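Visitor: I am new to this structure and would love a close look at one part of it. Could you pick a spot, walk me around it, and then show me what lies beyond?

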Amino acid sequence: MKPLSDQFDEELERLRASGWQNRHPSASDPAVDGLMRVAQRLRTTTELRADSTFARRLEQQLHAHQAALHRAQQRAKHQDWPIPGGWRVHPWLSAVAALCLVLLLSVGVLAAARGVDNPDNPLYGIKVWEQQVQNSPASSASSQAEQHLQFARDRLNALSALADGGQDAAYQQTLREFDQQLTLASQQISNVPAGTDHNRLTQELATLKSDAIAVLHGLLLHLNLREELTTTDELDHLGEAVSQVASVEVTLPAHPNGQATVTLQGTSLQFGAQLLVDEKPKTATGTLKGNTLVFVVEQWTGSQHPQSIGIVNPDGTATQSTNVTVTTAPDKGNGHGNGNGDGNGSGN
């Protein structure tokens with residue numbers, strides 16, 4: 001069977017002759033197949049391409065080096081002395097040089113990937129892969145906990161750049177990753193034996209949580225509603241006392257465009273909150289008494305039955321509930337109201 005180098009060399013020549021577009025490796029050796037897929041991926045991934053000037057200079061140097069080797073071979077033939085190690089000019093030299101270049105560039109790629117915080121960046125996947133390798137089961141619980149804490153802090157630091165500019169998906173993905181890394185760190189810390197390391201890591205975890213609460217509160221006023229909701233949930237996970245709506249009762253007016261009442265039951269409700277009906281702000285006057293927040297909406301459109309009711313607090317935290325019960329006020333104008341409502345309570 002031909003050596004792997006010769007198989008890879010022939011496959012490269014075949015693809016170069018036939019064109020790279022829409023071509024797939026067909027070598028029988030799985031190792032060659034894998035190398036070809038890597039070669040094609042590197043060739044078509046624009047984000048990993050070197051600067052054109054650098055690439056041109058490197059190509060010139062490789063050609064010059066190859067020409068020098070060829071001249072040395074010719075001299076060896078005439079002078080009847082061997083080239084040390086049996087050197088010979090072979091197309092495989094270019095493949096070896098390319099792979100060496102990949103190894104050299106990979107160091108720079110990994111370094112660049114470590115600074116990537118946006119999940120949409122192609123290098124972000126490399127960063128995640130590197131983190132997974134570093135976090136292999138072979139490392140101790142203490143070192144894994146430290147890595148998870150560092151990864152979580154990286155995610156937290158990345159959130160500020162994603163809070164503005166309509167990057168909702170990237171923001172929420174990064175926030176989920178922060179929460180995941182924090183959970184993994186906590187799990188690993190619980191596996192560290194009692195002692196200096198355990199105490200140190202426990203303190204680092206507490207500090208990170210405290211820093212996260214401060215950072216997230218600072219971001220809230222720059223977020224859209226969906227981001228506010230997920231950020232408020234994360235603050236709850238971190239142990240912050242945030243508003244929670246347990247149930248809602250909506251009393252619709254007997255006639256269209258009449259006055260409606262929205263009563264929310266929950267915890268840590270705040271005075272001055274903005275009412276949300278199906279995730280849209282609604283003009284209303286609110287009154288807070290204990291764990292009950294009552295809004296009066298002067299003009300309720302038609303017989304609208306909301307699917308969700310929520311609030312946005314003055315500090316930017318937000319919460320909502322789909323546990324909504326809808327009733328209709330009695331019709332006092334004709335005296336025929338029965339006060340029993342329409343019975344269309346909705347509680348998901």
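Guide: Happy to! Let me begin with a term: a strand here is a DSSP run of E with at least two residues, and strands are numbered from the N terminus. With that in hand, our spot is Leu293, which sits in strand β6, residues 292-297. Please keep in mind that this is a predicted model.

Is Leu293 buried or exposed? Its relative accessibility is 2%, so Leu293 counts as buried, since buried means under 20%. Setting aside residues up to four places away in sequence, Leu293 touches Val262, Thr263, Leu264, Leu269, Gln270, Ala273, Thr287, Leu288 and Ile311. Another residue to look for is Val245: 48 residues separate it from Leu293 in sequence, while their C-alpha atoms are 9.7 Å apart in space.

Now for the wider setting. The chain has nine helices and 10 strands, and buried residues account for 34% of its 348 residues. Of the contacts between residues at least 6 apart in sequence, 58% join residues at least 24 apart.

Two loops are worth a stop on the way. One lies between β1 (244-252) and β2 (260-267), and Asn257 is in it. Asn257 is not a glycine, yet its phi is positive, at about 65 degrees. With 48% relative accessibility, Asn257 counts as partly exposed. The other loop, between β3 (274-277) and β4 (280-282), holds Glu279. Glu279 also has a positive phi, near 65 degrees, in a residue other than glycine. Its relative accessibility is 32%, so Glu279 counts as partly exposed.

Let us move on to the helices. Helix α6 (residues 141-162) packs with helix α7 (residues 168-190) at an angle of about 160 degrees, and their axes are 8 Å apart. That makes α6 roughly antiparallel to α7, because angles over 145 degrees count that way. Their crossing is left-handed. Among the residues making this contact are Leu149, Ala152, Leu156 and Leu159 of α6, together with Tyr171, Phe178, Leu182 and Ala185 of α7. Sorted by kind, the residues of the contact are 17 nonpolar, five polar and two charged.

Helix α8 pairs with helix α9 (residues 225-237) as well: the angle is about 160 degrees and the axes are 10 Å apart. α8 and α9 are therefore roughly antiparallel to each other, and the crossing is left-handed. Ile213, Leu216 and His217 of α8 meet Thr231, Glu234 and Leu235 of α9. These residues divide into three nonpolar, two polar and one charged.

What do the buried nonpolar residues form? The largest nonpolar core has 27 residues, and those with the most contacts inside it are Leu159, Tyr171, Phe178, Leu182, Leu216 and Leu238. The elements giving two or more residues to this core are α6, α7 and α8 (196-219). There is also a second, separate core of 19 residues, and Leu269, Ala273, Val297 and Ile309 are included in it. You have met Leu269 and Ala273 already, as residues that Leu293 touches.

For a last look, find Phe178 in the largest core. Not counting its neighbours within four places in sequence, Phe178 is in contact with Ala152, Arg155, Leu156, Ala212, Glu234 and Leu238.

How values were computed:
Residues are numbered from 1 along each chain as its sequence is written. This is a predicted model: local features need pLDDT of at least 70, side-chain atom pairs count only at pLDDT 80 or more; totals for chains, interfaces and linings use all residues. Side-chain values use heavy atoms; hydrogens and water are left out. Axes are lines fitted to C-alpha atoms, for helices over the stretch in contact, and angles run from 0 to 180 degrees between N-to-C directions. Helices (H or I, at least four residues) and strands (E, at least two) are DSSP runs, numbered from the N terminus. Angles under 35 degrees count as roughly parallel, over 145 as roughly antiparallel, 65 to 115 as roughly perpendicular and the rest as oblique. A crossing is left-handed if the near helix is turned anticlockwise from the far one by less than a right angle, and right-handed if clockwise. Contact means heavy atoms within 4.5 Å. Ala, Val, Leu, Ile, Met, Phe, Trp, Tyr, Cys and Pro count as nonpolar, Asp, Glu, Lys and Arg as charged, and the others, Gly among them, as polar. A nonpolar core is a set of buried Ala, Val, Leu, Ile, Met, Phe, Trp, Tyr and Cys residues joined through side-chain atoms within 4.5 Å. Buried means under 20% relative accessible area, exposed over 50%, partly exposed in between (1.4 Å probe, protein chains only).
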